[in-house]
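User: I've got a structure open and keep tripping over the vocabulary. Can we go through the terms one by one?

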Amino acid sequence: MTTEAQQFASDNYAGICPDAWAAMEAANHGHAPAYGDDHWTNSAANAFRTLFETDCEVFFAFNGTAANSLALAALCQSYHSVICSAAAHVETDECGAPEFFSNGSKLLVAQSEDGKLTPAAVRAVATSRSDIHFPKPRVVTITQPTETGQVYTVEEVQALSSTCRELGLKLHMDGARFAHAVATLGCDPADITWRAGVDVLCFGGTKNGMAVGEAVLFFDRALAQDFDYRCKQAGQLASKMRFLAAPWVGMLENGAWLRNAAHANACAQRLAGQIEGLPGIELMFPVEANGVFVRAPDAVLEGLRARGWRFYTFIGGGARFMFAWDADPARVDQLAADIRAVSATTALAA
């Protein structure tokens, strides 16, 4: 057991939630068929079909980079392109994996102040060129919530989908924190996915209480042809697949996936409510999911580091605080108190 104080630099810092842990422990009894031919994998896939109220194809991968990259590769030929936000994880944080697994499909970047794509931005990129010398647009990928913590509404996803259909494009959703978006919107998962026109969703478990694991859901089953071979070739077909699948059973069947996300979101709101309006402190984006982005003078950020706080400053230069399923409200309050104290000290020194 670690004795280190809880940090909010990333929701990847958190351990495994009890529901996922209990399901893994239950799956650890006895033997089971390998490579996904087991009860747990079948149960997890059916749990997704129940949750989304549709007969989707379901696959399990170890992490988000593999899930996103293989899903996009399934939608593209090497001469195609994928339209994404300039802040998209597939563009900034996956080491070229989407291009690698698609044998070269190019990412076409649209600029966005808040990380969201708009129908106008998609149209501008998709119609900028149509000659044979330029990679043909094939897919739009959106992150829900965005890398800046913004949540696409049902209407926004529908509008993007409508534009995609008009332009002959497929719509992929990177849902690394999909549960947090559902918790914010209070909608059915189907409402912001297949009912809104999403073709493929990568549903994240790692950032919501699991040790590892993402699920790739093809709502258009025809697009999943041979996807199992892609997973195998990419090293994503777990021989003991039950240990990737079982945590999903624990998370989905009793609603832990949504409770975990709602708690994380509430902790983000808790911090934002205590620091908004402090001298020199600015919330860079509206707090809509489980992340808080804070712009502050360098002296404030250094003062927080000196008090032992860890955080990243890779988006816009501000400090990012991410809250997980196990975020301790008392520890959130301590962070807020330290921000207030350092902010006041810095203001007096100025």
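**Putting the terms to the test**

Analyst: Sure, starting with S8 and strand S9 (residues 291-295): two bridges join them, and they run antiparallel. Keep in mind that this is a predicted model, where local features need pLDDT of at least 70, side-chain atom pairs count only at pLDDT 80 or more, and totals for chains, interfaces and linings use all residues. Residues are numbered from 1 along each chain as its sequence is written, and side-chain values use heavy atoms, with hydrogens and water left out.

User: Why are S8 and S9 said to pair?

Analyst: Two strands pair if DSSP finds at least two bridges between them. S8 and S9 have two bridges, so they meet that rule. One partnership there is Glu282 with Arg295 in S9.

User: What makes S8 and S10 edge strands?

Analyst: The open sheet has the order S8-S9-S10. Strand S8 (282-283) and strand S10 (319-322) each have a single partner strand, so one side of each lacks a neighbour in the sheet.

User: Which way do the residues of S10 point, and are they buried or exposed?

Analyst: Ala319 and Phe321 point one way, Arg320 and Met322 the other, and all are buried. Buried means under 20% relative accessible area, exposed over 50%, partly exposed in between (1.4 Å probe, protein chains only).

User: How do you know that the buried residues of H6 are on the same side?

Analyst: They are Ala121, Val122, Val125 and Ala126. They cover an arc of only 125 degrees around the axis, which puts them on the same side of H6. That arc is taken from the directions from the helix axis to the C-beta atoms.

Notes:
Helix = DSSP H or I, 4+ residues; strand = E, 2+ residues; numbered from the N terminus.
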